[in-house]
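Q: I'd like to learn how to read a model like this one. Could you walk me through it feature by feature?

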Amino acid sequence: HSSKPCGQMATACSGGGGLEMLRSLRAHQGHWDAAQDELLLEALRALHADMLHRAEGASRRLSALSRRTEGVGITARLATCRLGVLAQQQFVEQRVCSSGESSEDEQEDPLWAPAAPTPAAQPLQPGSAAERERE
């Protein structure tokens, strides 16, 4: 840092970061020396540090948003499950209430009708129509 004039460095550094340093360097385009190279390097380092700081902040905000979004998703799934449970409870209550009111409804309602007997499974006989269809 000894090759730089103190005034130039103080002006460039107090200007608000890497962008200000680059602007001050641009004003000295015609006269470029090792001191200007060093100022350019410091300006680029300042820009790099600023970009890293901003990226870390964005990453933290994105993580927080992701956690909140996950929480909202869990809340929505929970609400959906509760709604399903409520619907099932109301269905059962409705069935219990309606079964106590009238026995005619039970006979007409296919839900309460006894199941039809199913035929026993018969093994296929060689040469039968079912055996020919299977082939």
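A: Sure. Let's begin with contacts: among those in the protein chain with a separation of 6 or more, 44% join residues 24 or more positions apart. Keep in mind that this is a predicted model.

Q: What does the secondary structure of the protein chain come to?
A: The count is five helices and zero strands. Going along the sequence, you read the pattern α-α-α-α-α.

Q: How much of the protein chain counts as buried?
A: The cut-off to hold on to is under 20% relative accessible area. Of the 135 residues in the protein chain, 11% count as buried. As for the surface, the accessible area of the protein chain is about 11200 Å², and carbon and sulfur atoms hold 59% of that.

Q: Now charges. How many salt bridges does a search of the whole structure find?
A: The general idea is that side chains of opposite charge can pair when their charged atoms come close. Here, the search of the whole structure turns up one salt bridge. The partners are Arg-23 and Glu-20, with 2.6 Å from N to O.

Q: Where do Arg-23 and Glu-20 sit relative to each other in helix α2?
A: Helix α2 covers residues 18–27, and the two are three residues apart in it, so about one helical turn separates Arg-23 from Glu-20.

Q: And are Arg-23 and Glu-20 buried or exposed?
A: Take them one at a time. Arg-23 has 52% relative accessibility and counts as exposed, because the cut-off for exposed is over 50%. Glu-20, with a relative accessible area of 30%, is partly exposed.

Q: Let's turn to cysteines. How many disulfides does the count come to?
A: The test is a pair of cysteine sulfur atoms within 2.5 Å. By that rule, the count is zero disulfides. You can still look at how accessible individual cysteines are: Cys-81 is exposed, at a relative accessible area of 52%, whereas Cys-97 counts as partly exposed, with 48% relative accessibility.

Q: What about nonpolar surface: which residues make the patch of about 290 Å²?
A: Phe-91, Val-92 and Val-96 make that nonpolar surface patch. To be eligible for a patch, a residue needs over 30% relative accessible area. Val-96 is exposed, with a relative accessible area of 54%, so it clears that cut-off.

Q: Which helix is Val-96 found in?
A: Val-96 belongs to helix α3, which spans residues 34–101.

Conventions
Residues are numbered from 1 along each chain as its sequence is written. This is a predicted model: local features need pLDDT of at least 70, side-chain atom pairs count only at pLDDT 80 or more; totals for chains, interfaces and linings use all residues. Side-chain values use heavy atoms; hydrogens and water are left out. Buried means under 20% relative accessible area, exposed over 50%, partly exposed in between (1.4 Å probe, protein chains only). A salt bridge is a side-chain nitrogen of Lys or Arg within 4 Å of a carboxyl oxygen of Asp or Glu. Helices (H or I, at least four residues) and strands (E, at least two) are DSSP runs, numbered from the N terminus. Contact means heavy atoms within 4.5 Å. Accessible areas come from the Shrake-Rupley method with a 1.4 Å probe; for residues, only the protein chains shown count as cover. Patches are made of residues with over 30% relative accessible area and no salt bridge: like charges are joined within 9 Å, nonpolar side chains (Val, Leu, Ile, Met, Phe, Trp, Tyr) within 5 Å.
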